[in-house]
Amino acid sequence: MYISPHPCTKTHALNMETTEASLEPQEQSLMGSSASESIAASSKPVSDNTLIKSEEIAKERQIKGWEKKKASAVTKSLKQYRHEGDDDTMDPTQYLQNRLRILQTAKASGFNPYPHKFTVSTSITEFIEKYGSLDAGEHVETVEISLAGRIMSKRASSSKLYFYDLYGDGTKIQVMVDARHSNMEDSEFSSYQSGVKRGDIVGICGFPGKSRKGELSIFAKSLIVLAPCLHMLPRHIAVHGTDEAHSKKNVKEDNSSWNPGKARNPETYTLKDQETRYRQRYLDLMLNPEVQQVFRTRARIISYYRNFLDSLGFTEVETPVLHMTPGGAAARPFITHHNEFDMNLYMRVSPELNLKKLIVGGLDRVYEIGKQFRNEGMDLTHIPEFTMCEFYMAYADYNDLMELAEQLLSGMVKELTGSYKIKYHANGLCNEPIEIDFTPPFRRIDLIEELERIANLSIPKDLASDAANQYLLNACNSFDVKCPPPHTTTRLLDKLVGHFLEETCINPTFIINQPEVMSPLAKWHRSKPGLTERFELFVNKRELCNAYTELNDPEVQRRRFADQFKDRQSGDDEAMVLDESFCTALEYGLPPTAGLGMGIDRLTMLLTDSPNVKEVLLFPAMKPQEENSLRV
């Protein structure tokens, strides 16, 4: 086919290949010889301009003939297809077979259904921004534009007029395809449009305008299938009639009605089945445009977090994922094997110890955003592979980080949602969403003092004693708080805090001053013996971040690791192990430092009204299933 400098040219036929590479050599030579013969037939002297014009006319005539020949081959297969069943009632397997048969017929005719290139002159978003202000019925026929996207709706007004919804960039526009703008005969035009299906990725060349009812559209001069969708897609809500009947919703409302901080309802999605949505995320993104907004919001959260820390002089770093010692958090690690070293290594459970080594080395403000791996259970808010941001700040303490966390989160929520208050379906989609208020300052409660007040307890001061352990075990039994073995003091306290305190933390709440037995890496409290300068931020009853003034005394750190080893001997396989390389680093001097770790997944859940963590992971961990069950 003849190639013009711009993809929008009147010589392009509907649904045709746009690259010169698709021509067979004999077809290229045929076109060239036809042009030469046309010129030679003239016995009169001609100017250079006349010669060029004659060549172009000859080429256009030859191209049209070639296009009709190609169209006839595809039309033949399409006629057979139409006799074999209707798309709406066809079995998905038969639909796939029919589409494959059409492609085979087209390929046998010398037509390439998968073009190598299509030049896009503007995006759909840019198209809407530039031409959205046109008046109803106004057309700009002097402008030629090329767009590309996926067809998600198709409507026929007649055999000569078709309407498509073209999706891309998280939004959509209408495409009007009129036989009057085609190089094909009417019958061929109709057959070609029958071959364009929902899900096909297409390239459109045409001019912008609005329908009589005011819907922004591109009026197609050519429509080229760039990648056919071979599978039958689940149906959207049926819409009948012409573009006027379809244009009752504004484009922005139709595609971007959900914004961060507002309630969502996945029950309204076209593709509702969770298993399919999570296993075939590309279908979820394709059929449920709101899901694209969720993951764009996740990207904005990470970007805001990064910019916030960068503006404070932090340096972003990368630390190893494979560790010889699983340190930095109380968690069960994944184990892998290093063939070259012939030794087992651990997937990191936290980057904490390495980041503090960098503070020792003189990088006073560092952070890392990355994956952590904890070989533990899965539920609506826990998953073994998750994303966390940890940052460490020299010459600061946990009071500074509480203020910093308030600034970070309240500013982020305000920036992304326009308000400090968000809606969240904390009690399931069947119930009304709750409101969570991120207006600073956040509430602060002292762990031991508040636990004793609410539960009417008098916890022994020496929490490392056997008496304290027995007291807490009795408290759990009396309040029917379940704590599976081993019954370490840390686990018993954690269960009681979860039962009595965390349940009260709907709006952002700092639970502060955790005991030393629960905080092996935190520095002791400067005025409350047995406690540490640590806080956990809870929102909607779930931990969002953990922070503390860092322990920088190497001897005390070794003693804390030894206490953790006792818990591990008691059966707690999540207790920390001694990391002597870290203790050695502390011996070189860690300045007064505070550090904070925050889960990006849980934060995204809150701002996107996603009660299930898998809603905010593009490809969440799933149990394997048979390949055949993946077909939709």
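In which sense do β15 and β16 pair, and over how many bridges? I looked this up before anything else. The two strands pair in the antiparallel sense, over 4 bridges. I note here that the model is a predicted one.

**Entry: overall counts**

I counted the secondary structure and got 18 helices and 18 strands for the protein. The chain has 632 residues, and 51% of them count as buried. I also looked at contacts between residues at least 6 apart in sequence; 69% of these join residues at least 24 apart.

**Entry: the sheet**

I traced the sheet that holds β15 and β16. It is open, has 8 strands and runs in the order β6-β10-β11-β18-β17-β16-β15-β14, with mixed pairing. At the edges I found β6 (315-316) and β14 (443-446), each of which pairs on one side only. At the β6 end, that strand pairs with β10 (residues 365-373) in the parallel sense, over 2 bridges. I found Glu316 opposite Tyr367 of β10.

**Entry: strand β16**

I then went back to β16. How many of its residues are buried? The count is 6 of 6, and the strand is mostly covered. I sorted the side chains by direction: Arg534, Glu536 and Phe538 point one way, while Phe535, Leu537 and Val539 point the other way. Both sets are buried. In a regular strand, side chains alternate between the two faces of the sheet.

I checked the neighbours of β16 on both sides. Towards β15, Leu537 of β16 has Phe510 standing opposite. Towards β17, the pairing is antiparallel over 6 bridges. There the bridge partner of Phe535 is Ala547. The hairpin of β16 and β17 leaves 2 residues between the strands, and Asn540 in this hairpin takes a positive phi near 55°.

**Entry: helices on the sheet**

I looked for helices that touch the sheet. Helix α18 (residues 600-607) lies across β11 (385-394), β16 (534-539), β17 (542-549) and β18 (593-599). Its direction is at about 55° to β18. Helix α13 (residues 447-455) packs on the sheet as well, touching β14 and β15 (509-512). I read an angle of about 80° between the directions of α13 and β14.

**Entry: Ile454**

I picked one residue of α13, namely Ile454. Is it buried, partly exposed or exposed? Its relative accessibility is 33%, so Ile454 counts as partly exposed, since buried would mean under 20% and exposed over 50%. Which residues does Ile454 touch, leaving aside its neighbours within four places in sequence? I found Phe500 and Leu501. Phe500 is 46 residues from Ile454 in sequence, yet the two C-alpha atoms are 7.0 Å apart in space.

**Entry: α10 and α12**

Last, I looked at a pair of helices. Two packed helices are described by the angle between their axes and the distance between the axes. Helix α10 (residues 289-311) and helix α12 (residues 398-417) have axes that come within 11 Å and cross at roughly 140°. Why do I call them oblique rather than roughly antiparallel? Roughly antiparallel needs an angle over 145 degrees, so α10 and α12 are oblique to each other. Their crossing is right-handed.

I listed the residues that meet. From α10 they are Thr297, Arg300, Ile301, Tyr304, Tyr305 and Phe308. From α12 they are Leu404, Gln407, Leu408, Gly411, Met412, Glu415 and Leu416. I sorted the residues of this contact into 8 nonpolar, 3 polar and 2 charged.

How values were computed
Residues numbered from 1 in each chain as written. Predicted model: local features only at pLDDT ≥ 70, side-chain atom pairs only at ≥ 80, totals over all residues. Heavy atoms only, no water. Axes fitted to C-alpha atoms, helices over the stretch in contact; angles between N-to-C directions. Parallel < 35°, antiparallel > 145°, perpendicular 65-115°, else oblique. Left-handed = near helix turned anticlockwise from the far one by under 90°. Contact = heavy atoms within 4.5 Å. Nonpolar A, V, L, I, M, F, W, Y, C, P; charged D, E, K, R; others polar. Pairing = 2+ DSSP bridges. Buried < 20%, exposed > 50% of the residue type's maximum accessible area, 1.4 Å probe, protein only.
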